[in-house]
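Please examine the model below alongside its sequence. The explanation after it moves from the whole chain to individual helices, and then to single residues.

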Amino acid sequence: MSSGGAPASLPAPYGPAYARPGIAVLRRLRSSEWLLLGYFLYAAALRAPLAGLALGVGLLVGLPAWAEARSHGRLWSMVRDWLPLPFILLAYWTVDWTHTLTRTRGWERSWVTVDRLLLNDWGGRRAIEYFGGVLPFVLDLCYSLLWALPAVGVGVLYLYRKRERVDRFVFPLLLGTLLTYALLPHFPTAGPTLLFPGQDLPRVPAVTRAINLWVLQRFDIRTSVFPSGHVTVAFSAAFAMLLALPEKKGIGGFLVLVAVAVAVATVYDRYHYAVDGLAGLAVSITAVGLSALLRRPT
């Protein structure tokens, strides 16, 4: 109490923010967490029934931030490092729940001519299969491991004791990925495997390709293939690592090679058109450029 009997101002965390816990939590959200909230609110705007999902995501993101503000250890902070990663797949599946446009197939028939030029006329398939099944196996393996790249990126930052840079990695990764997912419902298209079955397929069998097809048939979305979500995730993870860990350019460079392998695999295995991959790459470049500008000191 002050000498005049009025209560003295309360120190943090027992000041005005404590009296308004919702405001306090919002102020503590990371930029990557704001991206997640923004995407699921966007999904709810496209489909009103998804409002409940957006609310659930908000609670799952906000509760660890609230818990971290009231704890003295690092546990909740570390939980928040990893928590956004599973939402990448959830956001991907919501694309099938948000689309409203009727699919037209004029685009695909134009795009497949470009693929046939690359694979057949210019010898792309022949070059990939020159050493038999070696390169196709590597391409399919990189494609299989795609969804592990975000966790690998966070794990690398932990390994090099750079936990404070996790959001610097996750933000551009999410920005590129969620931008692509936001675009997908507005470009309803069918992949080459569905629209042109049995055409332009690889000539070399690969076990990894069979595994990828099994997974895609059961867990992939059907709304659109443009831009390629797989290519966007791969390049966004690679560029985000270059941004978050510039002193270890070899790691980022290796992830760029993996992303290139994923992009080639999508066309070679007929999961996507080459145009899809180029669009995904363009979104990734845009996202990392915006992230770098936002992080630049004023």
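The paragraphs that follow describe the fold, two long-range features of its helices, and several local details of the backbone.

The model is a predicted one. Its chain contains 16 helices and zero strands. Of the 298 residues in the chain, 46% are buried. The contacts can also be considered by their separation in sequence: among those between residues at least 6 apart, 84% join residues at least 24 apart.

Two helices may be taken individually. Helix α4 covers residues 51–69, a run of 19 residues. From its first C-alpha to its last, α4 reaches 27 Å, close to the expected 27 Å at 1.5 Å a residue. The buried residues in α4 are A54, V57, V61, G62, P64, A65 and A67. Helix α15, residues 249–268, has 20 residues, and its span of 28 Å between first and last C-alpha is close to the 28 Å expected. Its buried residues begin with G252, L255 and V258 and continue with A259, A261, V262 and A263. Towards the end of the helix, A265, T266, V267 and Y268 are buried as well.

The region just after α15 includes R270, which has a positive phi of about 70 degrees. R270 is not a glycine, and its place is in the loop between α15 and α16, the latter comprising residues 274–295. Is this arginine buried or exposed? R270 counts as buried because its relative accessibility is 1%, and the cut-off for burial is under 20%.

A second positive phi occurs at R161, where the value is about 55 degrees, and this residue is likewise not a glycine. R161 belongs to the loop that links α10 (149–159) to α11 (166–183). With a relative accessibility of 74%, R161 counts as exposed, since exposure requires over 50%. The two arginines thus fall into opposite classes, R161 being exposed and R270 buried.

Helix α11 also holds D167. This aspartate is buried, as its relative accessible area is 13%. When neighbours within four places in sequence are set aside, D167 is in contact with R30, S31, S32, P172 and R295.

The packing of one helix pair can now be considered. Two packed helices are described by the angle between their axes and the distance between the axes. For helix α9 (residues 134–144) and helix α13 (residues 207–219), the axes come within 8 Å and cross at roughly 30 degrees. Angles under 35 degrees count as roughly parallel, and α9 and α13 are therefore roughly parallel to each other. Their crossing is left-handed. On the α9 side, the residues that meet α13 are P136, F137, D140, L141, Y143 and S144. Their counterparts in α13 are T208, R209, N212 and L216. By class, this contact has five nonpolar, three polar and two charged residues.

One further backbone feature lies beyond this pair. The peptide bond joining F226 and P227 is cis, with omega at about -10 degrees. P227 is located in the loop between α13 and α14, where α14 spans 229–244.

How values were computed. Residues numbered from 1 in each chain as written. Predicted model: local features only at pLDDT ≥ 70, side-chain atom pairs only at ≥ 80, totals over all residues. Heavy atoms only, no water. Helix = DSSP H or I, 4+ residues; strand = E, 2+ residues; numbered from the N terminus. Expected span 1.5 Å × (residues − 1). Buried < 20%, exposed > 50% of the residue type's maximum accessible area, 1.4 Å probe, protein only. Axes fitted to C-alpha atoms, helices over the stretch in contact; angles between N-to-C directions. Parallel < 35°, antiparallel > 145°, perpendicular 65-115°, else oblique. Left-handed = near helix turned anticlockwise from the far one by under 90°. Contact = heavy atoms within 4.5 Å. Nonpolar A, V, L, I, M, F, W, Y, C, P; charged D, E, K, R; others polar.
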